[in-house]
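Biologist: Could you walk me through this protein? I would like to start with the overall picture and then go into details.

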Amino acid sequence: AGKPERAKRERTLPQPKPEHAANTMSGFTPGRETWRIKIEKQLDGFCRSANRELQFPPTLTSEERRFVHAHAPKLGLKTKSQGKGAERFLTVWKPQRVVALAEDAPRLDLAKDAAVVLDAHFRAHPPTPEELNDAREGRVADAKPSPEPGTVRSTLRNVKNRHKSRAAVIDYAKTKPECATAPSAMRKARQKLPAWEARSKVVDLVKRHDVVLVAGETGCGKSTQVPQFLFDASACEASIACSQPRRLSAIAVAERVAAERGETCGSTVGYQVRFESSFSAKTRLLFATPGVLLRKLGSDPDLVSYTHFLLDEVHEEDRDTEFLLVALRELVARRREAYDASPDVAPPPLKLVLMSATLGLQKLGDYFGGCPSCSMGG
């Protein structure tokens, strides 16, 4: 009975690895910090060398392989594992755009406006000595040959999906700012709102200016009527994004506007809030929270799919709305400049309407360069 028990105990003891197992990785030792340092040195030496490719043997452990895949991209290198079992190799190579420089890069002659922009950028974000050294040694990938986001050139280049865009130059003279499809009961209710009397003035101001302030007391109908005034005046060609400060208000306003137009929410009129949405490819009036619209700016910095952008309740000054104001001030100017430079290529100017329940909008008007305002009463 003692012999099987002793054999079982011997099997549970850790067995020593064969001698050749510790040296199968070209000098790498089992200690974690030791092999990490060795891999870092080998990759660093590869970056400094003129070689274009480095291949690790199949004897790498899974942990060592993961480390190479994680560390190499930090040096501007590409990695790929291929093969199976004893034939699984890990290859590291230098992309074509990463070049080891023997000396400083040649001086570039920049246009005057480009030099001014670059000087302002590097004054605001100066490179560290380590970054400069890495760039000289070819360990940092060059920037992609595309314009910097937020420039007129980027706006002109951001038209690869222009044929899918619904943004077009609006002819406000096509029709009166009234909805022809609205039910008669809803039309009568709309005509009793204080905002109804200002419909022609709002459309005229938006036609002549890129930024317009609209002030009106709570209940005057500005949130539901101004988007419809602009949409109907464009012969239903405009594509309008409307910001509401809260998800409940975005949903409620969208459903009310859809009802006034004799539609169901999700067709021409829709909404998009966090965790919930109701819109389609036909939607031209989209009500959303500032956070959702900020994410749209992240994916489409020029908002080429929209002709109008309405910010409601700007007096509340929440964080997302303030970020939108900063981004939209630059975007409105950029789209106007791009359109004036190349009207056949660039998207049309973006029309921005800022709506508030207070008349204290002088500071906001000054921020946008003295834009005109319209009061709707209460």
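Modeller: What follows is a conversation about this predicted model, from its confidence to its core, strands and cysteines.

Biologist: How many helices and strands are there in the protein?

Modeller: The secondary structure comes to 13 helices and 11 strands, and buried residues make up 39% of the 378 residues in the protein. Of the contacts with a separation of 6 or more, 70% are between residues that lie 24 or more positions apart.

Biologist: Which elements have the lowest and the highest mean pLDDT?

Modeller: Helix α1, residues 2-12, has the lowest mean pLDDT, at 52, and β8 has the highest, at 95. Over the protein the average pLDDT is 78, and 74% of the residues score at least 70.

Biologist: Where does pLDDT stay under 50?

Modeller: It stays under 50 over residues 8-30, for which the model has 20 contacts beyond four places in sequence. Over residues 160-164 the pLDDT is also below 50, and this stretch has five contacts in the model beyond near neighbours in sequence. Where pLDDT is low, the predicted coordinates should not be read in detail.

Biologist: OK, on to the inside. Which residues touch the most other members of the largest nonpolar core?

Modeller: Those are Val226, Leu230 and Phe287, in a core of 34 residues. Several elements supply at least two residues each, among them α8, β4, α9, β5 and β8, while the largest share, six residues, comes from α10. In soluble globular proteins, nonpolar side chains tend to be buried together.

Biologist: What is Phe287 in contact with?

Modeller: Leaving aside its neighbours within four places in sequence, Phe287 is in contact with residues including Pro227, Cys242, Ala250, Val253, Val257 and Tyr271. There is also a second, separate core of 26 residues, which includes Leu286, Leu293, Leu324 and Phe368.

Biologist: You listed β5 as a contributor to the largest core. Are the residues on its two faces buried or exposed?

Modeller: Both faces of β5 are covered, with Ile240 and Cys242 buried on one side and Ala241 and Ser243 buried on the other.

Biologist: How many bridges does β5 make with β8, and how many with β9?

Modeller: β5 pairs with β8 in the parallel sense over four bridges, and Ser243 has Ala288 as its bridge partner there. β5 also pairs with strand β9, residues 308-311, in the parallel sense over four bridges, and in that strand the bridge partner of Ala241 is Phe309.

Biologist: What order do the strands take in the open sheet of three?

Modeller: The order is β1-β3-β2, with antiparallel pairing, and the edge strands β1 and β2 each pair on one side only. Neighbouring strands of this sheet are turned by 20 degrees against each other on average, direction ignored. Four bridges join β1 to strand β3, residues 89-93, and Phe56 stands opposite Leu90 in β3.

Biologist: Changing topic, how many disulfides does the structure hold?

Modeller: It holds zero disulfides. Cys220, for instance, is in none, and the nearest cysteine sulfur, that of Cys374, is 9.6 Å away, whereas a disulfide would need the two sulfur atoms within 2.5 Å.

Biologist: Why does Cys220 count as buried, and why does Cys236 count as partly exposed?

Modeller: Cys220 counts as buried because its relative accessible area is 0%, and buried means under 20%. Cys236 counts as partly exposed because its relative accessibility is 40%, which lies between that cut-off and the 50% above which a residue is exposed.

Conventions
Residues are numbered from 1 along each chain as its sequence is written. This is a predicted model: local features need pLDDT of at least 70, side-chain atom pairs count only at pLDDT 80 or more; totals for chains, interfaces and linings use all residues. Side-chain values use heavy atoms; hydrogens and water are left out. A nonpolar core is a set of buried Ala, Val, Leu, Ile, Met, Phe, Trp, Tyr and Cys residues joined through side-chain atoms within 4.5 Å. Buried means under 20% relative accessible area, exposed over 50%, partly exposed in between (1.4 Å probe, protein chains only). Contact means heavy atoms within 4.5 Å. Two strands pair if DSSP finds at least two bridges between them. pLDDT is the predictor's confidence in each residue, from 0 to 100. Axes are lines fitted to C-alpha atoms, for helices over the stretch in contact, and angles run from 0 to 180 degrees between N-to-C directions.
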